Amino acid sequence: MNLSAEVMPVPRDLSSSCGTCVRFHTEADFPEKTEEVEQIVRVEPQGYVEIYHADEE
């Protein structure tokens, strides 16, 4: 998708356990979800909005 991305710790608002996440900006549709993708959220002024969560499928 030719995106610039930043690997960073998962924000505390999303998870209390340690982990890493990838932050990127796109106006495009998300690629197919794979077993490596646990959650996708969008950052809004009021906070994080969940778009996808693997446990809900």
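**Exercise 1. State how much area the protein exposes and what share of it carbon and sulfur atoms supply.**

Solution. The protein exposes about 5200 Å², and carbon and sulfur atoms supply 46% of it; accessible areas come from the Shrake-Rupley method with a 1.4 Å probe, and for residues only the protein chains shown count as cover. This is a predicted model, in which local features need pLDDT of at least 70 and side-chain atom pairs count only at pLDDT 80 or more, while totals for chains, interfaces and linings use all residues. Residues are numbered from 1 along each chain as its sequence is written, and side-chain values use heavy atoms, with hydrogens and water left out.

**Exercise 2. Describe the pattern that the protein follows along the sequence.**

Solution. Begin with the count, which is zero helices and four strands, where helices (H or I, at least four residues) and strands (E, at least two) are DSSP runs numbered from the N terminus. Reading along the sequence then gives the pattern β-β-β-β.

**Exercise 3. Decide whether His53, and then Arg12, is buried or exposed.**

Solution. First recall the cut-offs: buried means under 20% relative accessible area, exposed over 50%, and partly exposed in between (1.4 Å probe, protein chains only). His53, which lies in strand β4 (residues 47-53), has 17% relative accessibility and therefore counts as buried. His53 also touches Glu38 and Gln39, when residues up to four places away in sequence are not counted; touching here means a contact, with heavy atoms within 4.5 Å. Arg12, found in the loop between β1 and β2 (20-24), reaches 69% relative accessibility, so Arg12 counts as exposed.
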